[in-house]
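Please open the structure in your viewer and display side chains as sticks. The tour below proceeds by selection, one stop at a time.

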Amino acid sequence: MTDLLPHLSPPPLSGQGRFWALVPCAGVGARAVAPSGMDRGAPGQGPVLPKQYQPVAGHPMVLHTLAAFAGVGRLLGTLVAVAPGDGFFDGQPQPTFFVAPCGGATRAATVLGGLRVLEERGALPEDWVLVHDAARCLVTTAQIDALIDACADDAVGGLLAHKLADTLKTAIDGPGGVRVSSTVDRTDKWLAQTPQMFRLGPLRQALEHLGPAATDEASAMEAMGLHPRLVPGGAQNFKVTYPADFALAEAVLAQRMHAATLDRFGGVRGEASAVPGKTIF
């Protein structure tokens, strides 16, 4: 497997605070049944490979995710929170991240476990933590930096999000199947994405307060009466959830010419290549 992740020098401290990344990587992605040619966990072939480890554009999905975070110079560290007993990263070079078996039964439990690991690593309650889905493998370094720039001086924090463009319907069960109940005003509707960036102490308190009901970090902060900032992300920062999403992610990565090692492109991670039409992220 070609290494997507370069060897980088330690990041400098920022005048706006200290920044860590946390990538929950403990789920299996049951809805993302492996597409043709991938590990389907057929009889006698062992269990289905979790979706974050499925190959996309020549590499396990999570490595594309981590490659984007590797280009963020302000991060003090990136923690990949895996399930106990998960040996996927054993023996793989880890120049830009570290792995801890702190995954739990829910996303909230995994993130809480990750926050504790970061505290053991020296993270402070006032440090910023960027939580990102392992299966959002199309996020770019530029988008992560934009979130930090927008939220580093914010009193609450915020998240990448995409303003809803499609007409939104509510549904009811009716004759012959599911039918439209009503059309919802989409003016103020956004699709929540990740990373989601909050200070470690308040985020831990919010997750402990809301518990497993927290579907993302922003919802936990909202339960504390806070209003996270929405930072425009993009339609390509979607979460690979269903089988068809693999093909779409593959197509986007191929278009970005990201299917092979980044060294192939020249230039510096996070900057545009001198070669027209080639971008490094």
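Which side chain meets that of D133 in a salt bridge? Select D133 together with R107: their side chains form the salt bridge, with a distance of 2.4 Å from N to O. The model is a predicted one. Colour the surrounding elements next: D133 sits in the loop between β6 (128-131) and α3, while R107 belongs to helix α2 (residues 107-120), so the pair ties together parts that are 26 residues apart in sequence. With a relative accessible area of 5%, D133 is buried, whereas R107 is partly exposed at 22%.

Extend the selection to R136 and E217. These two residues are linked with R107 and D133 in a network of salt bridges.

Move now to R74 and D149. Their closest N and O atoms lie 2.8 Å apart, and the two residues form a salt bridge. This contact links distant parts of the chain, 75 residues apart: R74 is in the loop between α1 (61-70) and β4 (75-82), and D149 is in helix α3 (residues 141-151). R74 has a relative accessibility of 19% and counts as buried because the cut-off for that class is under 20%. D149, at 48%, is partly exposed.

For the last pair, select D188 and K189. A salt bridge joins them, the closest N and O atoms being 2.8 Å apart. Here D188 counts as exposed, at 57% relative accessibility, and K189 is partly exposed, at 27%.

To continue independently, search the whole structure for salt bridges; eight are found in total.

Notes: Residues are numbered from 1 along each chain as its sequence is written. This is a predicted model: local features need pLDDT of at least 70, side-chain atom pairs count only at pLDDT 80 or more; totals for chains, interfaces and linings use all residues. Side-chain values use heavy atoms; hydrogens and water are left out. A salt bridge is a side-chain nitrogen of Lys or Arg within 4 Å of a carboxyl oxygen of Asp or Glu. Helices (H or I, at least four residues) and strands (E, at least two) are DSSP runs, numbered from the N terminus. Buried means under 20% relative accessible area, exposed over 50%, partly exposed in between (1.4 Å probe, protein chains only).
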